[in-house]
Amino acid sequence: MQLAYTILYVENVAASLAFYSTAFGLERKFLHESGDFGELATGTTTLAFSSRQLMRSLGKNPQLARPEAPCFEIALSTPDVPAAYAQAVQAGAKAVQAPEQMPWGQTVAYVADPDGFLVELCTPMG
């Protein structure tokens with residue numbers, strides 16, 4: 001098995017794609033003509049977005065993300081966490097935790113996207 005993609009349930013897929021492009025420099029890979037599903041080019045796996053409305057129409061009950069009580073996070077690796085953190089906050093991300101050196105040597109920061117999803121910005125491991 002390999003991880004193929006992660007899907008975040010958001011209010012506005014096009015707006016989420018635009019935010020992630022501006023805040024993190026990720027390129028839009030695909031946006032369905034309905035506007036209810038889109039993907040970003042993120043390497044060997046894909047970060048995708050689906051509208052909460054679409055999920056409700058499919059019988060799901062998606063919940064809102066809460067950065068103060070996250071149930072998961074996505075992590076984006078970069079060699080310059082402070083610059084990535086500043087760019088994300090300037091693009092509209094909510095600052096959660098400023099860049100900090102971890103005991104294992106990695107630099108880590110956290111922001112929340114406009115839908116409340118927690119995003120870790122970190123230096124590569126090892």
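Leaving aside its neighbours within four places in sequence, which residues is Val119 in contact with? In this predicted model, the list runs to Tyr20, Phe24, Ile74, Leu76, Ala109, Tyr110 and Val111.

Val119 is a good place to start. It belongs to the largest nonpolar core, which has 24 residues. Val119 is among those with the most contacts inside this core. The others named with it are Leu8, Tyr20, Phe24, Phe49 and Leu121. Two of these, Tyr20 and Phe24, also appear among the contacts of Val119 itself.

Which elements give two or more residues to this core? Two helices do: α1 (13-24) and α3 (81-90). The strands are β1 (5-10), β4 (46-51), β5 (73-77), β7 (107-112) and β8 (118-122). Helix α1 gives the largest share, six residues. In soluble globular proteins, nonpolar side chains tend to be buried together.

There is also a second core, separate from the first. This one has five residues. Met102, Val108, Leu118 and Cys122 are among them.

Now turn to the charged side chains. The structure holds four salt bridges. One joins Glu11 and Arg52, with 2.9 Å from N to O. This pair links distant parts of the chain. Glu11 sits in the loop between β1 and α1, while Arg52 is in helix α2 (residues 52-57). They are 41 residues apart.

Is each partner buried or exposed? Glu11 counts as exposed, because its relative accessibility is 53% and the cut-off for exposed is over 50%. Arg52 counts as buried, because its relative accessibility is 7% and buried means under 20%.

Arg52 has another partner. Its side chain also meets that of Asp115 in a salt bridge, at 3.6 Å from N to O. Asp115 lies in the loop between β7 and β8, and Arg52 in helix α2, so the pair ties together parts that are 63 residues apart in sequence. Asp115 is buried, with a relative accessible area of 16%.

A further salt bridge brings together the side chains of Glu68 and Arg66 (3.1 Å, N to O). Glu68 is exposed, at 57% relative accessible area. Arg66 counts as partly exposed, at 47%.

Which residues do salt bridges with shared partners join into one network? They are Glu11, Arg52 and Asp115. Arg52 is the partner that meets Glu11 and also Asp115.

Terms used:
Residues are numbered from 1 along each chain as its sequence is written. This is a predicted model: local features need pLDDT of at least 70, side-chain atom pairs count only at pLDDT 80 or more; totals for chains, interfaces and linings use all residues. Side-chain values use heavy atoms; hydrogens and water are left out. A nonpolar core is a set of buried Ala, Val, Leu, Ile, Met, Phe, Trp, Tyr and Cys residues joined through side-chain atoms within 4.5 Å. Buried means under 20% relative accessible area, exposed over 50%, partly exposed in between (1.4 Å probe, protein chains only). Helices (H or I, at least four residues) and strands (E, at least two) are DSSP runs, numbered from the N terminus. Contact means heavy atoms within 4.5 Å.
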